[in-house]
Every structure is written in C-alpha cells, then in structure tokens.
Amino acid sequence: MEKRKAATIAKFKKMKDNGTPISMITAYDYPSAQLVEEAGVDVILVGDSLGNVVLGYDSTVPVTLDDMIYHSRAVVRGAPSTFVVTDMPFMTYHGSMDLTLRNAARIMQEGLAKAVKMEGGREIADAVRACAKAGIPVMAHIGLTPQSIHQIGGYKIQGKTRAQADRLLDDAKALQEAGAFAVVLELMTEQLAAYITEQLSIATIGIGSGPRCDGQVLVYHDALGYNTDASPKRFVKMYADVGSTIREGLKQYVHEVKSRSFPTADHAFHMEDEVATGLYGGNK
Ligand SMILES: Nc1nc(=O)c2c([nH]1)NC[C@@H]1CN(c3ccc(C(=O)N[C@@H](CCC(=O)O)C(=O)O)cc3)CN21
Ligand SMILES: CC(C)C(=O)C(=O)O
Ligand SMILES: [Mg+2]
C-alpha cells in the first residue's frame with residue numbers, strides 16, 4: 001500500500017475552515033488499526049471505551065493508564081501513517097499538574113500517540129493549558145463525559161436547557177482558549193452542537209450530536225456490528241455486521257470439527273509414502 005502522511009493538528013483547523021468533514025473512529029489493536037488506516041480515516045482514537053468493548057467492564061472508569069498505553073502502542077504499529085489520539089483515562093489528569101504532565105508524557109512516549117484526549121470543561125482548562133504548553137496536543141471532550149457517569153447518573157443527552165447549553169458553550173470556549181486543538185461533542189442536542197461548532201475556531205468532532213459538527217467519531221465495534229450487547233444506540237449507524245459473520249463462522253467451525261469434516265487432506269501435510277510405510281502400520 002502506498003504510504004501517506006499522517007495528518008497534523010494544523011490540518012484539522014484547515015479542514016474546518018474548508019468545510020471538509022473530519023472522519024474519526026476508534027481502534028484498540030493492530031488489526032483494527034490496519035483496517036482503519038487502509039480505509040483512509042483522518043484520526044484514530046484509542047478510546048477508553050476499550051473498557052466496554054474489549055475488556056468487558058460496564059463503564060470506562062476501571063480503565064488504567066497502563067491499559068491505554070498497551071492498546072495505543074498496538075494501534076500505532078497497525079496505523080503508522082494515521083494521526084492517533086489516545087484517551088487519558090479516569091483520574092489521570094486531576095491530581096497535581098506534575099502528575100498530569102507525567103501521565104500525558106507516558107501516553108506520548110510509551111503509547112506513541114500524537115495527542116491526548118481529556119474529558120471535562122473549564123475545570124480541566126489548566127491541565128489542557130499545561131499539556132499544550134509542553135508540546136502535547138490536547139483534544140477536549142465535553143457533553144456526556146462517560147468517566148463521570150457515576151456523578152451524572154446515566155448516559156443522558158446533554159445541553160437540553162438554555163442554562164446547560166450556555167455552560168457547555170462557555171466550557172468549549174475555555175478549552176479552546178486553553179489550547180485544545182479540537183473538541184469532541186458527545187451526546188448533545190443537534191442545535192447546541194451546531195452553535196458551538198459555529199462559535200469555535202477549532203474543529204468539533206461529534207458523537208450522537210447530529211450532523212452539524214466539523215467531524216464525526218464512532219466506536220469501531222458499534223460501527224461494524226462487532227458488539228455482543230443487545231441494544232444498539234440510537235446515534236450509531238452500523239456499516240457492517242461482523243458480529244453475525246463471526247458467529248456464523250464459529251458455529252460452522254465447531255460443527256466441522258465435531259463432524260470431522262475439518263481438516264481435510266488439503267489442510268494436512270504428508271510424508272513420502274515409503275517413509276510413512278511402517279509408521280503406525282503404514283500410510284493409513
Ligand atoms: N460501545 C460503546 N460505544 C460508545 O459510543 C461509547 C462506549 N462504548 N463507552 C464509552 C462511551 C459511553 N457512551 C454512551 C453510552 C451509552 C449511551 C446511551 O445509552 N444512549 C442512549 C440514550 C440516551 C438518551 O436518550 O438520553 C441511546 O439510545 O443513544 C450513549 C453513549 C459513548 N461511549
Ligand atoms: C466515544 C469516544 C469519543 C470516546 O471517548 C471513546 O471511545 O472512549
Ligand atoms: Mg473516551
């Protein structure tokens with residue numbers, strides 16, 4: 001495959017200014033990253049949603065910095081020419097600024113990411129500013145912030161009231177001012193996402209926030225039907241149904257082993273007949 005150049009943070013601003021939509025999707029390992037890069041996606045997010053979709057937790061809260069680094073390295077190996085952003089997980093950017101910087105540095109140096117992502121509004125502006133000043137690009141994330149799920153109390157649409165909307169817009173402006181290069185808008189009303197997008201000079205990347213953002217992001221497993229969970233989210237569009245493909249393939253495999261129809265002679269390796277003669281009674 002022809003090697004192309006990974007995007008840069010300047011490119012995302014340019015894409016916003018040109019009205020070119022930014023495509024982003026999560027990936028968590030080497031093969032998914034290879035496929036995402038091959039598809040020409042602009043940004044890969046190594047999301048802490050890996051807690052849900054690859055580690056089997058019921059939220060992103062148990063995900064550790066070591067988990068993020070482990071998956072991030074695998075993704076970068078699979079997608080060396082794609083801009084990779086890695087989530088800073090729960091509580092790794094809320095202590096001292098020194099610790100925040102050290103944790104972000106680990107994501108860059110050990111996780112090999114090009115940028116980090118942090119959830120929160122004005123309360124994390126200082127952390128965003130410190131990282132940006134140190135040369136670590138930060139993608140912000142407001143609206144529904146899943147790491148705060150136990151405080152929010154549920155995966156609910158954000159920014160429905162005027163007061164909430166004003167607060168989210170102010171948060172977005174504070175994050176931009178602090179030096180964030182882009183901001184994820186998660187699960188907010190379409191009108192508010194459109195308004196924030198219009199008010200900011202940095203790119204907005206929506207998930208469950210309607211079509212009027214500068215870009216869109218989905219979780220790999222959601223977009224490809226790779227989930228075993230029963231209820232699909234309303235904002236997701238399934239572009240493939242790999243779960244069904246895998247399920248059928250596995251059923252068939254078990255059936256063929258049990259019925260001895262796999263492997264066949266074509267899948268086996270053979271000695272010369274004269275060598276085989278005498279071994280377990282010959283070429284049986
Ligand atoms: N597989 C997966 N996909 C995601 O998009 C995702 C994760 N995991 N884990 C981390 C966060 C959590 N997210 C979530 C989780 C649940 C809903 C949800 O239940 N949404 C409902 C209704 C919301 C409402 O009506 O207020 C939906 O049907 O969309 C949304 C986003 C987004 N992120
Ligand atoms: C849902 C996206 C934006 C995310 O933060 C993740 O996948 O962890
Ligand atoms: Mg996340």
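**View 1. Leu112, a loop residue with a positive phi.** Leu112 counts as partly exposed, because the 18 C-beta neighbours inside 10 Å put it in between the cut-offs of 20 or more for buried and 12 or fewer for exposed. Like everything in these views, Leu112 is shown as it sits in a predicted model. You'll find Leu112 in the loop between helix 5 (97–109) and strand 4. Its phi is near 65°, a positive value in a residue other than glycine. That's worth a look, because most residues other than glycine have a negative phi.

**View 2. Leu187, another loop residue with a positive phi.** Here phi is near 50°, again positive in a residue that isn't glycine. Leu187 belongs to the loop between strand 6 and helix 9 (190–199). Is Leu187 buried or exposed? Leu187 is buried, since 21 other C-beta atoms lie within 10 Å and the cut-off for buried is 20 or more.

**View 3. The cis peptide bond at Phe262 and Pro263.** These two residues are joined by a cis peptide bond, with omega at about -5°. Most peptide bonds are trans. Pro263 sits in the loop between helix 11 (242–258) and helix 12 (273–276).

**View 4. The barrel and two of the helices on it.** Eight strands close up into a barrel, in the order 1-2-3-4-5-6-7-8, and the pairing is parallel. From one strand to the next, the twist averages 25°. Helix 6 (residues 125–133) packs on the sheet, where it touches strand 4 and strand 5 (138–143). The direction of helix 6 makes about 165° with that of strand 5. Helix 8 (residues 162–178) also packs on the sheet, touching strand 5 and strand 6 (182–186). For helix 8, the angle to the direction of strand 5 is about 175°.

**View 5. Strand pairs in the barrel.** Strand 1 (residues 22–26) and strand 2 run parallel and are joined by three bridges. In this pair, Met24 stands opposite Val43 of strand 2. Which residues of strand 2 are buried on each side? Val43 and Leu45 are on one side, Ile44 and Val46 are on the other, and all are buried, so both faces of the strand are covered. In a regular strand, the side chains alternate between the two faces of the sheet. Further round, strand 3 (residues 83–87) and strand 4 (residues 115–119) pair in the parallel sense over three bridges, with Thr86 opposite Val116 in strand 4.

**View 6. The annotated "binding site" residues.** An unreviewed UniProt entry gives this annotation to Asp48, Asp87 and Glu119. They're spread over 72 residues of sequence but cluster in space, and the largest C-alpha distance is 10.9 Å. Asp48 is in the loop between strand 2 (43–46) and helix 3, and is buried, with 29 other C-beta atoms within 10 Å. Leaving out neighbours within four places in sequence, Asp48 is in contact with Thr60, Val63, Met68, Asp87 and Pro89. Glu119 is in strand 4 and is buried too, with 23 other C-beta atoms within 10 Å. Beyond four places in sequence, Glu119 is in contact with His141, Thr145 and Gln147.

**View 7. Glu186, the annotated "active site" residue.** This label also comes from an unreviewed UniProt entry. Glu186 lies in strand 6 and counts as buried, with 23 other C-beta atoms within 10 Å. Not counting residues up to four places away in sequence, Glu186 touches His141, Gly143, Leu144, Ile207, Gly208 and Ser209.

**View 8. The shell around ligand 2.** Among the residues surrounding this ligand are Asp48, Asp87 and Glu186, along with Thr26, Leu45 and His141. By class, the shell around ligand 2 has five nonpolar, four polar and three charged residues.

**View 9. The shell around ligand 1.** How many residues surround ligand 1? There are 17, and the closest are Ser49, Tyr155, Val219, Lys233 and Arg234. Helix 3 (50–53) and helix 10 (220–223) each supply at least two residues of this shell. The shell divides into eight nonpolar, five polar and four charged residues.

**View 10. Arg162, an exposed residue in helix 8.** Arg162 is part of helix 8. Arg162 counts as exposed, because 9 other C-beta atoms lie within 10 Å and the cut-off for exposed is 12 or fewer. The C-alpha atoms of Arg162 and Ala10 are separated by 33 Å, and the two residues are 152 residues apart along the chain.

Definitions and conventions: Residues are numbered from 1 along each chain as its sequence is written. Chains are lettered from A and ligands numbered from 1 in the order in which they are written. This is a predicted model: local features need pLDDT of at least 70, side-chain atom pairs count only at pLDDT 80 or more; totals for chains, interfaces and linings use all residues. A residue is near a molecule or strand if its C-beta atom, placed from the backbone, lies within 6 Å of it. Helices (H or I, at least four residues) and strands (E, at least two) are DSSP runs, numbered from the N terminus. Ala, Val, Leu, Ile, Met, Phe, Trp, Tyr, Cys and Pro count as nonpolar, Asp, Glu, Lys and Arg as charged, and the others, Gly among them, as polar. Two strands pair if DSSP finds at least two bridges between them. Axes are lines fitted to C-alpha atoms, for helices over the stretch in contact, and angles run from 0 to 180 degrees between N-to-C directions. Two residues are in contact if their C-beta atoms, placed from the backbone, lie within 7 Å. UniProt positions are given in the numbering used here, feature names are shortened, and annotations may be inferred rather than shown by experiment.
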